[in-house]
Amino acid sequence: MRSLRSLCLLKVHSLGLDMSPLPPSLDKDIKIVRLFNRSFIGEVYLGMDFGAGLFVRQKAFSIQYDGASWSFLYRSNHFQADCCPHCDFVEPDLKQFTLEEGKLAPVLPHFTSVQRYKELMMSLNYTMEDDGTSGKIKLQLFRNSDPLPLVTRNITIGMNADRQWEASCEGFDFLQILRSRYIETPDPIQDVFTTPLYHSCIRMAINMLNWDLDLTQQCFGLDDVMAAIDEAFNQQEPEEFLEDFWRLVIAE
């Protein structure tokens, strides 16, 4: 259960209140909360697994510091799409873990897929620029109270060239990535990926894309897929599109 101090800290942040001047410890916590307490979503990716067909990756997470501990919520999955990302949609499970800064804790079962790491300990530390414009969360693994310098998980938060808050993640097995970037979303993680991103079947669009781009060679963002299809529609004459459509029907 959160303390009254933590509840007040989160309430001040959610309301965007300016409580200056504050005692130094509270002022520091407010700066941490304003920088790190955000939700981030990664682009939905499509690709082809050799012999398994189309796959879809979905990733999103949130961070919440309450002055005493750091809580992480995340959704992440990788599902096969026999038809398309709409028809075969799978909602990712919502998972959570909490750590206290500088305190050793057992490695969480879902934190890593490497079996030998699951017997270690882990801790969280953070750094932040004085002006509060960027910072990094570092999750470090330990063996017998000794840090393993080559086994870290980092989340770096800052503002990109488009003035969007962005999170750069490295090494997180539970997000199914080694390196990836996420953009801040106003939506609570509880509401992300609960329904398909598109409201109808897009199998034909995926098939058309695969004629021009080899999905077995790289992954493509779902937004890029739909943009490519729209561009193809705009460039094709109606008769050409109708011919392509019947080719798809016959192929099925």
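**Exercise 1. How do the residues lining the largest pocket divide into nonpolar, polar and charged?**

Before we start: this is a predicted model, where local features need pLDDT of at least 70, side-chain atom pairs count only at pLDDT 80 or more, and totals for chains, interfaces and linings use all residues. Residues are numbered from 1 along each chain as its sequence is written, and side-chain values use heavy atoms, with hydrogens and water left out.

*Solution.*
- Step 1: Fix the term. On a 1 Å grid over the protein atoms alone, a pocket is an open set of points with protein on both sides within 12 Å along at least five of seven lines, while a cavity is a set where a 1.4 Å probe fits but cannot get out; lining residues have an atom within 4 Å of a point.
- Step 2: Go to the lining. There are 21 residues in it, with Arg38, Ser39, Ser62, Ile63 and Gln64 nearest the pocket's centre. Helix H1 (4-15), strand S3 (53-65) and strand S4 (70-80) each give two or more residues. Helices (H or I, at least four residues) and strands (E, at least two) are DSSP runs, numbered from the N terminus.
- Step 3: Sort them. Ala, Val, Leu, Ile, Met, Phe, Trp, Tyr, Cys and Pro count as nonpolar, Asp, Glu, Lys and Arg as charged, and the others, Gly among them, as polar. The split is seven nonpolar, 10 polar and four charged.

**Exercise 2. Work out how the lining of the largest cavity divides.**

*Solution.*
- Step 1: Find the lining. Val44, Phe79, Phe89 and Leu222 are among its residues.
- Step 2: Sort them as before. You get 10 nonpolar, two polar and no charged.

**Exercise 3. Take the salt bridge between glutamate 91 and arginine 75. Which parts of the chain does the pair tie together, and is arginine 75 buried or exposed?**

*Solution.*
- Step 1: Check the contact. A salt bridge needs a side-chain nitrogen of Lys or Arg within 4 Å of a carboxyl oxygen of Asp or Glu; here the closest N and O atoms are 3.4 Å apart.
- Step 2: Place the partners. Glutamate 91 sits in the loop between S4 and strand S5 (94-99) and arginine 75 in strand S4, so the pair ties together parts 16 residues apart in sequence.
- Step 3: Apply the cut-offs: buried is under 20% relative accessible area, exposed over 50%, partly exposed in between (1.4 Å probe, protein chains only). Arginine 75, at 5%, is buried, whereas glutamate 91, at 39%, is partly exposed.

**Exercise 4. Do the same for arginine 181 and glutamate 166.**

*Solution.*
- Step 1: Their side chains meet at 3.0 Å, N to O.
- Step 2: Arginine 181 is in strand S11 (residues 179-184) and glutamate 166 in strand S10 (residues 165-170), 15 residues apart.
- Step 3: Arginine 181 is exposed at 54%, but glutamate 166 is buried at 18%.
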